[in-house]
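Reader: I should like to learn how the features of a protein model are read. May we go through them one at a time?

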Amino acid sequence: MESPSFLAFLHLLLSLLLALPLAQASPMSQAHALLHWKSSLRGPTPRALQSWNIDTHNTTTAASPCHWFGITCTNGLVTNVSVLRAGLASTLDTLDFTALRSLTVLRLRRNSLFGAIPAAIANLSSLVDLDLSHNRFSGELPASLAALSGLVKIDLSANQVGGKLSSAALANWTRLTHLQLQFNRLTGTIPDEIRYLSNLRVLRLYKNRLSGSIPHQVGELTNLVVLNLNTNNLTGSIPPSIANLTKINSISLYHNTLSGPIPSCLGNLSQLKLLYLVNSGINGPIPHEFGNLVNMEDLRLSENLLTGTIPSSLGNLTNLETLYISMNELSGPIPPVLGRLSMLKSLSLGFNQLSGTIPHALGNLLSLEDLIVSKNQISGLVPPSFGNLTRLTDLEIFQNQLSGPLPQELANLTNISQLQLSNNDFSGPLTPDVCKGGKLEYFGAIENRFDGPISRSLRNCTSLVRLRLSNNHLTGDVSQVFGVFPNLEFVDLSDNRFSGELSTNWVKSPNLATLHMSGNMITGRIPPQFGNMTQLASLDLSSNQIVREVPKQLGGLTSLLYLNLSNNLLSGRIPSEIGNLSSLATLDLSNNHLTENIPMQIGQCLKLLDLRLSANELNGSIPLEIGRLVSIQEMLDLSHNSLTGTIPSDIGRLVKLENLNLSHNGLSGSLTSSFSDMQSLLTFDVSYNNLEGPIPENQFFQTAQVEWFEHNKGLCGQVLHLSPCPQPASRHGSNKRHKIVLASVLPPVVLLFLVIPLGLIITLRVRRKNPKENNTETSAKDLLSALDFDGKVLYDEIVEATENFDEKYCIGVGGYGSVYKAQLRTGQVVAVKKLHSLDDERGFRSEIEALTKIRHRNIVRFYGFCSHARCMFLIYDYIEKGNLSTILSSEEVAIELDWSKRVCLIKDVANALSYMHHDCSPPVVHRDISSKNILLDSELKARVADFGIARSVKPDSSNWSEHAGTPGYMAPELSYTMKITEKHDVYSFGVVILEVLQGRHPGELISAWPSDGQSILLMDLLDQRIPLPTPEESNAVMLVAKLALQCISIRPQSRPSMQHVSQALDAGKNFGIARSVKPDSSNWSEHAGTPGYMAPELSYTMKITEKHDVYSFGVVILEVLQGRHPGELISAWPSDGQSILLMDLLDQRIPLPTPEESNAVMLVAKLALQCISIRPQSRPSMQHVSQALDAGKVEATRQPFHTVQLHQLMRFT
């Protein structure tokens, strides 16, 4: 054993060796190290480093960097380098860390430094504080950081650093108090060695890609004050050991995929002020013990699977300001004790299963500004005590079972800006003074039993933006009861009892986009002045008593998407100016008294999806120009008119059309053969005309309903109960031939009638004697069913064509079977899918027979199936080009797919899925949308294949997850549910869109979205093998990219429907698409904008207000100030962002503002922070913002600009 003196000697020697490099360091060597690094910076020398020079004129400081900007020295050696937001653009590779061993503080945050963090940084053995945050560092965390055992603070947040957290580093950083690695790309698990950080006070790892469970060792960090692990891929339950963190005041675990209940022991965290568990996957009850969290100020548990009742113990949280428990599965009554929460400003209980009545005690919440209890099962009356809530700005109680009249006390809510009462059973008049305060902007009361006239208060409510009163019993003269609303964007008065004539006051609403007044008793004419509402997108005046002509001035409504004037008393001709409505998608003029010809200019409405002119007095022929409406899809209805002439063959060009009705006219001639090309048809009614000749010979017409062809002059063909067409024959010798035929046929027929009964008797006897033998014989027969394929698709022929399914005919292998190419004796080529399983043949047959009714131009035609003792197979049309996956992986073929073709094939797939989800009865869920199941024909048109197979093979819903699709395309909710819905197809479709855009599977992008993907340029996302989109193509590419990101939302309910996607793509506009496609505000959350700019209240409400735009505008302001998306700042504000210097917020690429500019910059920064307030009612109006910017003033301050912190801005006026 070594002697103590020897050990002391070794210790001394080691100390000297470690100190040797430090001793060798000198001011000169440190100056040269810093200057060498400065020389590597890109671009001109930053202004902050202009002092970094060796002063040859001053011999005392010539070689010392101690007087340089950002440099602090101790005993002549550099100990602190702090150069913040100076626009530094370089790597750290050229910085000689060995010359800077004296350094204790290195702060280079908010610059543009890039590259990997060098391993040599470990030479800074004295380092205590390392801050490289808000740069562009990439690569992995260097393992050498573990050597920096003296670190107290480390902040590498807001970079692009990947790799795993080092167990060795965590074990060695025992002095650490702050560990901030958020907004990076860290992967792997949180190591158990985190237990060694016993001094840690702040732990921020949010917005990474961490996985695994939260280690229970976190509970050993007893000094922890802030724990932020949100927006990762963490799983498992919340460890109960967190209850040991007695000093903790902030816990954020939201946006993970946790499971299990909330540990009740969290109720012991008496210092806790903030708990965010939104959308984290937790279930079970809200712990009763939460009533012990008496310091709690902000509790958010929304978007989970919480069950049970709301614990009455929450009434003890008297400091609580925000309580969000919406979008769960909570039941039972609203506890009256919530009325004790006197500090509460925002209460959201919506989208649960709560019942009972609204407690009168909620009227005691005098600080309340938001109250949302929508979409529950609450009944009874609205308590009069609500009149006490004078600070209330947002009251949403829609979709409940509330009844009775509204209390008069609601007139006291003079600050109310949003009042949503829809879908209840309210009766009596609307509150007389509903807009007493003049601030009401969003008022919805649809689907109730309100009656009586509109109050004067509402008539003069100039602040209104959206007014929805449809489906009530309201009365009054519409020309008198509604005034001028300068801010109005949407009004729906449909299905009431309004009378009078249309007022020209609506023209004075310059922002009005939707005007719906159908189902009333409105009389008079349509004012020609309506043609001046050029911003109008939807006009519905149907089912009234409007007279006179359709004003030609309506042709000026160039933004119009929807026009419905049906079921009125309109007369005269259809104005030719209707052709100017180039954006129109729906035109319904049916059930009027319109006369004369259909104007040929209607063929200029090239975006029409639905055209209905039925039940009028139109005459003349069908204009040829209707054949130009190639986008028309839902309906073309010209029935019940007096149209004559032949049916134009150009109607056969309408290949997307699903329903065609030309019945009850005077049309003549024959059905053109071009109708055979209309592969999307579902109904085709030409009854009650003068048509003759054969009907087209294709699959659709052969299975059509005979009623569609009745009462014509002489239609014939292969339709059940329709006369067959006569066969051409020679006149000579016909009588003789008839006699010969009769003579030759009659004896066999008589013999047949004798033989058949005898054969049946013999057969029955044989069956009785040999039942086993008979069953064997029957099972050996093929069971060909479903659609007929020229009568020749037989089991033996398929086997012969594929040489008993030889591999050389195999063209693909999927999850359900192998696909073979088979050429039949007729020369027809089909694709035959031989299935793996024979389970549940009866279910298989019933499902397949239902699938035979699916007919759509973008779905691979399904001919039928064959079930045999040895195998089952499906028969499809053969598509030439093969699947999309193979095409995209081929360099040569992929370049044929330019951007216009790629957008078109995306539309094709969207149309197919929309048809399956929304037009099939029952709806069909594909379950396996992937690029391998999308085929391209010779014209590069897309066809969806393998539709419905999963359901057909395993119809039992409990087994659906066995056939849930292809890995890489499966929706994330399949990790916690076995039920497959149409939202699974929507997710898979989003993946396919991104694959088409990128030219490869987008796995890396999806794993990063949305946490790390928001700063990605769309340009960098696109397939590099083809040129960037042209200006004409760019808008379409942006639209499909936007839709893709909506489709891959991690929350199924946030994904759009395929009907919306299809309509959005057909409309092809990126501006206003959500409102145009879904004007009903209850659906707006599906189309709520661009991720990264969407207001946070969309996590608990589906209503979009102008406050959403205000929030988005605030994000844009910050983006302009910072020069990049401000995601990190917004996520930190206000809890963690108040100490941030305004100077550090600004774009580093340009100089700091001059004294003259500083005032303006402070003003816009202050307005931005007001706009991004988490509480909508606290955001300013855009009118206020505009006026403040015009005034251009903020309170003068003597404080130097470079010392102003963000929270101080909020105090300036």
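Author: Certainly. Please keep in mind that this is a predicted model. Let us begin with strands: in β31, L474 is the bridge partner of G452.

Reader: Which strand is joined to β31 by the bridges that include this pair, and how many bridges are there?

Author: The partner is strand β29, residues 449-453, and three bridges join it to β31, residues 473-477. These two strands run parallel.

Reader: Which residue stands opposite G476?

Author: G476 faces F498, which belongs to β33. Strand β33 covers residues 497-499, runs parallel to β31 and is joined to it by three bridges.

Reader: I should now like to turn to aromatic rings. What describes a pair of them?

Author: One gives the distance between the ring centres and the angle between the ring planes. In this structure there are 14 aromatic pairs. One of them is F183 with Y206: the centres are 5.6 Å apart and the planes stand at 75°. Planes over 60 degrees apart count as edge-to-face, so F183 and Y206 form an edge-to-face pair.

Reader: Where in the chain do F183 and Y206 lie?

Author: F183 is in the loop between β8 (178-180) and β9 (202-204), while Y206 is in the loop between β9 and β10 (211-213). The two residues are 23 residues apart, and their pair links distant parts of the chain.

Reader: Are F183 and Y206 buried or exposed?

Author: Both F183 and Y206 are buried. A further edge-to-face pair is F351 with F398, with 6.4 Å from centre to centre and 75° between the planes.

Reader: Why does the pair of F351 and F398 tie together parts that are apart in sequence?

Author: F351 lies in the loop between β20 (346-348) and β21 (353-354), and F398 lies in the loop between β24 (394-396) and β25 (401-404), so the pair ties together parts 47 residues apart in sequence. F351 and F398 are buried.

Reader: Which residues form an aromatic cluster?

Author: One cluster is formed by F675, F684, F700, F701, W708 and F709.

Reader: Which residue lies over the face of F490?

Author: That residue is R466, at 4.0 Å from the ring centre of F490. In another case, R902 has its charged end over the ring of W899, 5.3 Å from the centre of that ring.

Reader: Finally, which residues make a nonpolar surface patch?

Author: L1017, M1019 and L1028 make such a patch, of about 300 Å². Of these, L1017 is found in the loop between α15 (1003-1008) and α16 (1018-1021).

Notes: Residues numbered from 1 in each chain as written. Predicted model: local features only at pLDDT ≥ 70, side-chain atom pairs only at ≥ 80, totals over all residues. Heavy atoms only, no water. Pairing = 2+ DSSP bridges. Helix = DSSP H or I, 4+ residues; strand = E, 2+ residues; numbered from the N terminus. Patch = residues over 30% accessible without salt bridge, like charges linked within 9 Å, V, L, I, M, F, W, Y side chains within 5 Å. Areas by Shrake-Rupley, 256 points an atom, 1.4 Å probe, with all protein chains shown as cover. Salt bridge = Lys/Arg side-chain N within 4 Å of Asp/Glu carboxyl O. Phe/Tyr/Trp six-rings, centres within 6.5 Å; stacked < 30°, edge-to-face > 60°. Buried < 20%, exposed > 50% of the residue type's maximum accessible area, 1.4 Å probe, protein only. Lys NZ or Arg CZ within 6 Å of the ring centre and 35° of its normal.
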